[in-house]
Structures are given as C-alpha cells and as structure tokens.
Amino acid sequence: MTGFNSHMDSALAEAQSAAKAGEVPVGAVLVGPDGTVLARTRNRMRELKDPTAHAEMLAIRAACAALGSERLTGCDLYVTLEPCPACAGAISAARIARLYYGAADPKSGGVAQGPRIFDHPQAHHKPEVYGGIGEREASEMLKAFFANRR
C-alpha cells in the first residue's frame with residue numbers, strides 16, 4: 001500500500017472516550033478511499049440504549065450518510081477490538097475494503113475467533129483483514145476498564 005497512514009491512534013482516542021463515558025472502550029475510524037476520515041466514533045450502547053450502537057456500526061452508518069450510499073467500497077475501517085459477528089456482517093454488507101483491528105476478542109469476536117464471518121460462503125464480501133495493530137494499548141485499556149468494574 002503506497003502512502004499508508006494508520007488511524008489506529010484516533011480509534012484508541014475514541015476508545016478512551018468511551019471508557020470515560022462508562023462504555024466498553026472500543027473506538028472506530030472509517031476512512032474513505034481518498035484518505036478522508038468519514039467517521040470517528042466509539043461504543044455508545046448505554047448512552048443510546050441501543051444494543052447495536054457498537055463503534056463499528058455507528059461508524060458505518062455515519063460514513064454511509066456522508067457518502068450517500070449503502071456501500072463503502074474502497075474504504076478502510078480501524079477498530080480497537082476485533083469486531084463481533086454482527087459488526088463483521090455489517091462490514092461485509094457495506095463492502096469495506098480493509099479492516100484493521102487492535103485486540104483479538106476470544107469471547108465475542110467474529111473475524112479471527114468464533115464464527116469467522118468472512119470465511120462463510122454466505123459472506124457477500126471479504127475485506128482484507130489486519131489484526132494486532134495497537135493491540136497492546138487496546139488490550140490494556142480493556143483490561144483496566146473491566147478490572148475497575150469488578
């Protein structure tokens with residue numbers, strides 16, 4: 001990839017914002033084909049009282065609105081935690097080109113763990129997937145968040 005610019009630091013800042021708001025610290029940034037940031041968001045399930053208000057879902061919705069399309073062809077998604085199966089399904093449906101995620105999610109992940117949504121023949125689209133970007137920072141933030149809840 002020529003001129004690659006990671007947006008994981010911005011996703012991590014969104015995750016930190018989520019933690020401060022009492023949400024599970026997950027942040028996401030969706031970038032257009034030209035490198036323009038289309039959406040920056042965080043988990044907002046408690047705030048919005050919406051079980052689908054995951055950072056990835058909110059970023060996809062905002063980017064689709066910004067582009068005026070249900071397809072995000074050529075776009076990149078940066079998220080601090082491996083997407084769950086529902087978010088992976090939305091990523092596939094939106095035709096996102098590349099997924100970059102930080103920490104693996106052995107309990108609820110849907111990409112490299114669990115059901116591995118993109119490997120199913122029913123998946124409409126399989127993005128390029130790059131895991132482990134910002135993994136240490138994302139994992140530490142999640143561990144600290146849940147340690148404080150216990």
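Just after helix H3, Gly68 takes a positive phi of about 65°. I'm starting at that spot since it leads us straight into the helix before it, and please keep in mind that we are looking at a predicted model.

So, helix H3 itself. It covers residues 55–67, which makes 13 residues, and it reaches 18 Å from its first C-alpha to its last. That is close to the 18 Å expected at 1.5 Å a residue. Which residues of H3 are buried? They are Ala55, Glu56, Met57, Leu58, Ala59, Ile60, Ala63 and Cys64. If you turn the model around, you can look for what covers them: the list includes strands S1, S2 and S3, along with helices H2 and H4.

Let's move on to H4, residues 85–93. Its buried residues are Cys87, Ala88, Ala90, Ile91 and Ser92, and they pack against H3, S3 and S4. H4 also has a positive phi just after it, this time at Arg95, with a value of about 60°. Arg95 is not a glycine, and you will find it in the loop between H4 and S4.

There is another residue like that. Arg116, also not a glycine, has a positive phi near 45°. Look for Arg116 in the loop between S4 and strand S5, which spans residues 128–131. Is Arg116 buried, or is it partly exposed? It counts as partly exposed because its relative accessible area is 42%, which lies between the 20% and 50% cut-offs.

Now for the core. In soluble globular proteins, nonpolar side chains tend to be buried together. Here, the largest nonpolar core has 39 residues, and those with the most contacts inside it are Leu30, Ile60, Leu72, Leu77, Ile96 and Leu99. Where do the core residues come from? H1, S1, H3, S3, H4, S4 and H5 each supply at least two, and the largest share, six residues, comes from H3.

Let me pick out two of those well-connected residues. Leu30 is in strand S1, and it is buried because its relative accessibility is 0%, under the 20% cut-off. What does Leu30 touch, once we set aside residues up to four places away in sequence? Among its contacts are Ala59, Ile60 and Ala63, and Leu72, Leu77 and Ile96 are also included. To see how the chain folds back here, compare Leu30 with Glu56: they are 26 residues apart in sequence, yet 8.5 Å apart in space, C-alpha to C-alpha.

The other one is Leu99. Leaving aside neighbours within four places in sequence, Leu99 is in contact with Leu77, Val79, Pro83, Ile91, Val111, Phe118, Pro127, Glu128, Val129 and Tyr130.

Back to the loop between S4 and S5, where two more residues are worth a stop. Gly109 lies in that loop, and it counts as buried because its relative accessible area is 4%, under the 20% cut-off. Beyond residues up to four places away in sequence, Gly109 touches Glu82, Pro83, Cys84, Pro85, Gly114 and Pro115. Gly109 and Gly134 are 25 residues apart in sequence and 17 Å apart in space, C-alpha to C-alpha.

Gln113 is placed in the loop between S4 and S5 as well. Gln113 counts as partly exposed because its relative accessible area is 23%, between the 20% and 50% cut-offs. Its contacts, apart from neighbours within four places in sequence, are Glu82, Ala104, Asp105 and Pro106. How far is Gln113 from Pro85 in space? The answer is 9.5 Å, C-alpha to C-alpha, with their positions 28 residues apart in sequence.

Last stop, the pocket. Rolling a probe the size of a water molecule over the atoms shows where empty space is left. The largest pocket in this model has a volume of about 480 Å³. Of the 21 residues that line it, the closest to its centre are Val24, Leu81, Asp105, Ser108 and Phe146. Which element gives the most to that lining? Helix H5, residues 135–149, does, with five residues. By class, the lining has 11 nonpolar, four polar and six charged residues.

You may recall Asp105 from a moment ago: it is one of the contacts of Gln113, and here it is again among the residues closest to the pocket centre. That's my tour, and I'm happy to take questions.

How values were computed: Residues are numbered from 1 along each chain as its sequence is written. This is a predicted model: local features need pLDDT of at least 70, side-chain atom pairs count only at pLDDT 80 or more; totals for chains, interfaces and linings use all residues. Side-chain values use heavy atoms; hydrogens and water are left out. On a 1 Å grid over the protein atoms alone, a cavity is a set of points where a 1.4 Å probe fits but cannot get out, and a pocket is an open set with protein on both sides within 12 Å along at least five of seven lines; lining residues have an atom within 4 Å of a point. Grid points are joined across faces, edges and corners, and a volume is the space filled by probe spheres set on the points. Helices (H or I, at least four residues) and strands (E, at least two) are DSSP runs, numbered from the N terminus. Ala, Val, Leu, Ile, Met, Phe, Trp, Tyr, Cys and Pro count as nonpolar, Asp, Glu, Lys and Arg as charged, and the others, Gly among them, as polar. A nonpolar core is a set of buried Ala, Val, Leu, Ile, Met, Phe, Trp, Tyr and Cys residues joined through side-chain atoms within 4.5 Å. Buried means under 20% relative accessible area, exposed over 50%, partly exposed in between (1.4 Å probe, protein chains only). Contact means heavy atoms within 4.5 Å. The expected span of a helix is 1.5 Å times one less than its number of residues.
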